[in-house]
Amino acid sequence: MIYTNRRAIVQCEGVSWVHGTDLGIATSSDRGKSWNYRGVLEGLDFERGRNTFWAPEIIYHNGMYHMYVSYIQGVPNQWAGHKRQIIHYTSQNLWDWKWESILELSSDFVIDACVHVLPNGRFRIWYKDEADNSYTYAADSEDLYQWEVVGPVIAEYPHEGPNVFYFQGYYWMIVDKWSGQAIYKSNDCEEWKYNTMILDQPGERPDDCSFGYHADVHVQGEQAFVFYFTHPGRKEDVRADQYEAKRSSIQVAKLQVENGTLKCDRNEAFEFVLY
């Protein structure tokens with residue numbers, strides 16, 4: 001597991017703690033039942049200074065891992081007003097990464113990449129374009145290196161974290177509305193129709209008591225698992241600058257399709273075995 005390693009313990013000005021982040025590494029030797037923290041990915045910096053890495057998207061194709069990660073220069077203390085880009089790296093072992101390029105997309109304010117192969121064999125990258133109301137945009141590629149912008153895909157309301165996967169005969173897209181995850185459904189990855197909401201009600205498991213944020217999905221055969229994070233310590237009596245308000249918890253739940261609708265009961269017990 002490679003993830004955004006937020007700096008929740010840092011006392012700083014503004015939102016500096018969400019910047020300057022590395023990509024954390026956790027590994028499991030028992031198919032996902034327990035996880036061991038392995039540190040952070042090193043060697044990603046292609047320019048000097050302390051910089052920010054968010055939301056890695058990794059796919060495997062023809063013997064090579066491709067990572068598309070959100071990048072911000074430096075450690076800003078505000079959310080807005082600084083360039084955000086998506087950077088492409090490649091690796092053969094998930095540890096050592098080679099910088100390839102900065103993607104030329106619809107603006108210089110793009111984050112949250114997701115890549116999936118299209119029915120025609122081409123690749124599509126979906127991402128959040130903050131220069132256009134934080135809508136989901138897309139770009140296409142033949143080789144995972146050169147990308148051509150397609151345009152907006154989901155443009156009904158601001159959101160982030162698009163994630164596309166194929167499950168039970170349909171393509172699905174999850175987007176983070178900051179009040180749960182909106183689900184869209186498609187037959188061809190071109191026309192998307194709203195389907196439902198998931199992770200919009202607090203769960204009962206430890207640390208699962210908030211909205212589910214920025215989800216990713218792992219599909220294996222007839223099963224699908226949604227990974228997401230929560231902010232379990234954010235309560236009325238907790239200040240925004242306190243550790244409890246900042247810390248994140250990674251959760252997982254099982255997905256099912258019932259009568260054409262994607263379902264997720266985050267309180268339901270299930271057997272979790274990765275392969």
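# Close-up views of a predicted model

**View 1. Arg31 and Leu144 are loop residues with positive phi.** With a relative accessibility of 53%, Arg31 counts as exposed; here buried means under 20% relative accessible area, exposed over 50%, and partly exposed in between, with a 1.4 Å probe and protein chains only. Before we go on, please note that this is a predicted model, in which local features need pLDDT of at least 70 and side-chain atom pairs count only at pLDDT 80 or more, while totals for chains, interfaces and linings use all residues. Residues are numbered from 1 along each chain as its sequence is written, and side-chain values use heavy atoms, with hydrogens and water left out.

Arg31 sits in the loop between β2 (22-27) and β3 (36-40). The numbering of these elements runs from the N terminus over DSSP runs, with helices (H or I) of at least four residues and strands (E) of at least two. Although Arg31 is not a glycine, its phi is positive, at about 60°. Leu144 also has a positive phi, near 75°, and is a residue other than glycine. For background, most residues other than glycine have a negative phi, and most peptide bonds are trans. Leu144 belongs to the loop between β10 (135-141) and β11 (148-154), and with a relative accessible area of 0% it is buried.

**View 2. Gly180 is a buried loop glycine with contacts beyond its sequence neighbours.** Look for Gly180 in the loop between β13 (170-176) and β14 (181-186). Its relative accessibility is 0%, so Gly180 counts as buried. If neighbours within four places in sequence are set aside, Gly180 is in contact (heavy atoms within 4.5 Å) with Val175, Met197, Ile198, Leu199, Asp200, Phe211 and Gly212. His214 lies 34 residues away along the chain, and the C-alpha atoms of Gly180 and His214 are separated by 8.9 Å.

**View 3. Gly233 touches Ala245, among others.** Which loop holds Gly233? Gly233 is in the one between β17 (223-230) and α1 (243-246). This glycine is buried, because its relative accessible area is 3%. Not counting residues up to four places away in sequence, Gly233 touches Val238, Glu244 and Ala245. Along the chain Gly233 and Ala245 are 12 residues apart, and 5.0 Å separates their C-alpha atoms.

**View 4. Gln85 is a buried strand residue.** Gln85 is part of strand β6 (residues 85-91). Its relative accessible area of 16% makes Gln85 buried. Leaving out residues up to four places away in sequence, Gln85 touches Val69, Ser70, Tyr71, Ile102, Asp108 and Val110.

**View 5. Salt bridges pair residues such as Glu244 and Arg247.** Side chains of opposite charge can pair when their charged atoms come close. The rule used here asks for a side-chain nitrogen of Lys or Arg within 4 Å of a carboxyl oxygen of Asp or Glu, and it gives a count of 13 salt bridges.

- Arg205 pairs with Asp208, with 3.5 Å between the closest N and O atoms; Arg205 is partly exposed at 24% relative accessibility, whereas Asp208 is buried at 0%.
- Arg239 pairs with Asp241, and their closest N and O atoms are 3.0 Å apart; Arg239 is exposed at 52%, and Asp241 is partly exposed at 38%.
- Glu244 and Arg247 meet at 3.1 Å, N to O; Glu244 is partly exposed at 34%, and Arg247 is buried at 17%.

Elsewhere, Arg122, Arg124, Asp140, Glu142 and Glu190 are joined into one network by salt bridges that share partners.

**View 6. One surface patch is negative and another is nonpolar.** Patches consist of residues with over 30% relative accessible area and no salt bridge, joining like charges within 9 Å and nonpolar side chains (Val, Leu, Ile, Met, Phe, Trp, Tyr) within 5 Å. Lys and Arg count as positive and Asp and Glu as negative, with His and the chain ends not counted; each charge is placed at NZ of Lys, CZ of Arg, CG of Asp or CD of Glu. Areas come from the Shrake-Rupley method with a 1.4 Å probe, and for residues only the protein chains shown count as cover.

The negative patch is made of Glu204, Glu258, Asp265 and Glu268. Glu204 lies in the loop between β15 (193-198) and β16 (213-220) and is exposed at 68% relative accessible area. Met1, Trp35 and Ile250 make up the nonpolar patch, with about 270 Å² of accessible area together. Met1 is in the segment before β1 (2-5) and is partly exposed, at 33%.
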